[in-house]
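Trainee: I have a model open and would like to learn how its labels are justified. Can we go through some of them?

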Amino acid sequence: MNIIFLGPPGAGKGTQAQRICAALNIPQISTGDILRRAMKEQTPTGLKAKSFIDAGQLVPDDVIIDIVKERLAQDDCQKGYILDGFPRTVPQAEALEGIATIDAVIELDVADQVLIDRLSGRRVCLKCGATYHVNHLNGETKCAACGEELVQRNDDKAETVLNRLTVYHAQTAPLVDFYQKKGLLKVVDGAQDMETIFQSIMDILKG
Ligand code: AP5
């Protein structure tokens, strides 16, 4: 199955994509993770993307579309995948139609105030991609999965989070309507606990 996870920053797309991908044995394709890796390695794409990401703006469509095209052509994508954070604009969604057939779009719906709380407390592992919240870390500063030091993402600082939410509402939210009209959209209440959300998504995907 080829699946899209849609939702604002902090909605839990990455958290759920990791779990669902493990359950279905398909790859998670997170454009945010790909860009952060490119920034860490200082590749030309990473250097180009950095100023946009740090400002909470979207990276230009042509850069992202090329990244996704290349990734979806790899062997492990032939059995299905979850797109986590792509598409994010109508031109990206239109470009995707020329690359792939999508079976389901899962929208995680969460109110802005909850998102602000989640993102300001998020800590991430830049090595393996695991995500935590300070409220559940009990003072622990290392990744439980791989032992790497946890960090706060640059774009999780308060002012940038507000920019990201504004950008989401202006440029990405129109995709809800886009996929609704195609009969692909399923909405899940992303404010529930992680296990309930996981089960709801699995139920939808099992049809
Ligand atoms: P990206 O990395 O995709 O960031 P995002 O979409 O803003 O999403 P997040 O990673 O912030 O949130 P999430 O929904 O994955 O939530 P998470 O599971 O981590 O993109 C970063 C940047 O890259 C963009 O701003 C843009 O510049 C660029 N970019 C990426 N893709 C692009 C594209 N297609 N086009 C253009 N530019 C692009 O959860 C968040 C927190 O909440 C965690 O602490 C987690 O533990 C906690 N949490 C999760 N679920 C729950 C729950 N149910 N209850 C309580 N806490 C929860």
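Trainee: Why does isoleucine 99 count as partly exposed?

Mentor: Buried means under 20% relative accessible area, exposed over 50%, and partly exposed in between, with a 1.4 Å probe and protein chains only. Isoleucine 99 has 28% relative accessibility, so it counts as partly exposed. As for the source, this is a predicted model, where local features need pLDDT of at least 70 and side-chain atom pairs count only at pLDDT 80 or more, while totals for chains, interfaces and linings use all residues. Residues are numbered from 1 along each chain as its sequence is written, and side-chain values use heavy atoms, with hydrogens and water left out.

Trainee: Which residues does isoleucine 99 touch, not counting residues up to four places away in sequence?

Mentor: Lys69 and Leu72; contact means heavy atoms within 4.5 Å.

Trainee: What makes the pair of arginine 122 and the ligand a polar contact?

Mentor: A polar contact is a pair of N or O atoms within 3.5 Å. A polar side-chain atom of arginine 122 lies 2.6 Å from an oxygen atom of the ligand, so the pair meets that cut-off. Valine 59 has a polar backbone atom 3.0 Å from a ligand nitrogen, and for a polar backbone atom of glutamine 192 the distance to a ligand nitrogen is 2.9 Å.

Trainee: How many residues of the shell around the ligand are nonpolar, polar and charged?

Mentor: The shell has 13 nonpolar, 13 polar and eight charged residues. Asp, Glu, Lys and Arg count as charged, Ala, Val, Leu, Ile, Met, Phe, Trp, Tyr, Cys and Pro as nonpolar, and the others, Gly among them, as polar.

Notes. A polar contact is a pair of N or O atoms within 3.5 Å; within protein, one must be able to donate a hydrogen and the other to accept it, and residues adjacent in sequence count only if both atoms are side-chain atoms.
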